[in-house]
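Here's a quick briefing for anyone opening this structure for the first time. Take a look at it, then use the notes below as a guide.

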Amino acid sequence: LQMLEQQVGGGEQAQNKDLKEKHKRRKKYADERRLQLVAALQESNENSSEQALLNVYDSIQEEVQAKSKMLEKVQEKLRAAETEIKDLQLEFGLEKMDYLSTIRHQERDLMLCQQLLGQVQSLIRRDCSYSNLERTRRESVWDEESSCWKIPESVIQKTHRP
């Protein structure tokens, strides 16, 4: 039962390599996107400050207006980046909640199976090969191709008494 708990502990998809890879790719993409946004903001800040230094204004009023426009542009880019970050955080939060829900559901199913096995084990005939559940578990093999367990056939061993 402990081995079964360890295998199912991460939910139904705990051993699903494709799902793990998909999650890693999405996280990597989000990190790359965040770094791109940060770099773009830094670049725009550098470009804006260089333009402000290079421009010669006829009056202080023109300078204030030009710098106000640049400030608005930078603030707009900042708001867009913050919105993007919030969206990504929300998406990952929803995924996390979904994974936790799946894990809880799988744990409840596992507990049900364990309780059923406990109740049913006393009803199994002693001369049946399934009477020793630990041996049956050791002899069972996971089939990757069909994604299911191959359980040995049930055999009833009849003993003849002289």
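A helix here is a DSSP run of H or I that covers at least four residues, and helices are numbered from the N terminus. With that in hand, L94 can be placed in helix α3, which spans residues 60-121. Keep in mind that you're looking at a predicted model.

**The overall layout**

- The protein chain has four helices and two strands.
- Reading from the N terminus, the order of these elements is α-α-α-α-β-β.
- The chain has 162 residues, and 12% of them count as buried.
- About 13900 Å² of the protein chain is exposed, with carbon and sulfur atoms supplying 53% of that area.
- Take the contacts in the chain with a separation of 6 or more: 56% of them come from residues 24 or more positions apart.

**A nonpolar patch on the surface**

- L90, L94 and M97 make a nonpolar surface patch of about 330 Å².
- One of these residues, L94, is the one we just placed in helix α3.

**Salt bridges**

- As a bit of background, side chains of opposite charge can pair when their charged atoms come close.
- How many salt bridges does a search of the whole structure find? The search turns up seven.
- One of them brings the side chains of R26 and E91 together, at 2.0 Å from N to O. This pair links distant parts of the chain, with R26 in helix α2 (residues 17-54), E91 in helix α3, and the two positions 65 residues apart.
- Are R26 and E91 buried or exposed? Neither label quite fits: R26 is partly exposed because its relative accessible area is 31%, and E91 is also partly exposed, at 31% relative accessibility.
- D127 and R125 form another salt bridge, and their closest N and O atoms are 3.0 Å apart. D127 has 22% relative accessibility, so it counts as partly exposed, and R125 is partly exposed with a relative accessible area of 45%.
- K150 and D143 also meet through their side chains in a salt bridge, at 3.8 Å from N to O. K150 is partly exposed, with 44% for its relative accessible area, while D143 counts as partly exposed at 23%.
- Some salt bridges share partners, and in this way R26, E91 and E95 are joined into one network.

**The aromatic pair**

- A pair of aromatic rings is described by the distance of the centres and the angle of the planes.
- The count of aromatic pairs comes to one. The partners are W142 and W149, whose rings sit edge-to-face, 5.5 Å from centre to centre with 70° between the planes.
- Why edge-to-face? Planes over 60 degrees apart get that label, and the angle for W142 and W149 is 70°.
- W142 is partly exposed, with a relative accessible area of 37%, and W149 is partly exposed too, at 38%.

**Cysteines**

- You won't find a disulfide here: the structure holds zero of them.
- C113 counts as partly exposed, at 44% relative accessibility.
- C148 is partly exposed as well, with a relative accessibility of 29%.

**Around S129 and V155**

- Where is S129? It's in the loop between α3 and α4, the latter covering residues 133-139.
- Is S129 buried or exposed? It counts as buried, because its relative accessibility of 10% is under the 20% cut-off.
- Leaving aside residues up to four places away in sequence, S129 touches R135, T136, E153, S154 and V155.
- V155 lies in the segment after β2, the strand at 148-150. V155 is partly exposed, with a relative accessible area of 41%.
- Seen from the V155 side, and again leaving out residues up to four places away in sequence, the residues touched are D127, C128 and S129.
- V155 and D127 are 28 residues apart in sequence, and their C-alpha atoms are 8.2 Å apart in space. D127 is also the residue that forms a salt bridge with R125.

How values were computed:
Residues are numbered from 1 along each chain as its sequence is written. This is a predicted model: local features need pLDDT of at least 70, side-chain atom pairs count only at pLDDT 80 or more; totals for chains, interfaces and linings use all residues. Side-chain values use heavy atoms; hydrogens and water are left out. Rings of Phe, Tyr and Trp (its six-membered ring) pair if their centres lie within 6.5 Å; planes under 30 degrees apart count as stacked, over 60 as edge-to-face and the rest as tilted. Buried means under 20% relative accessible area, exposed over 50%, partly exposed in between (1.4 Å probe, protein chains only). Contact means heavy atoms within 4.5 Å. Accessible areas come from the Shrake-Rupley method with a 1.4 Å probe; for residues, only the protein chains shown count as cover. A disulfide is a pair of cysteine sulfur atoms within 2.5 Å. Patches are made of residues with over 30% relative accessible area and no salt bridge: like charges are joined within 9 Å, nonpolar side chains (Val, Leu, Ile, Met, Phe, Trp, Tyr) within 5 Å. A salt bridge is a side-chain nitrogen of Lys or Arg within 4 Å of a carboxyl oxygen of Asp or Glu.
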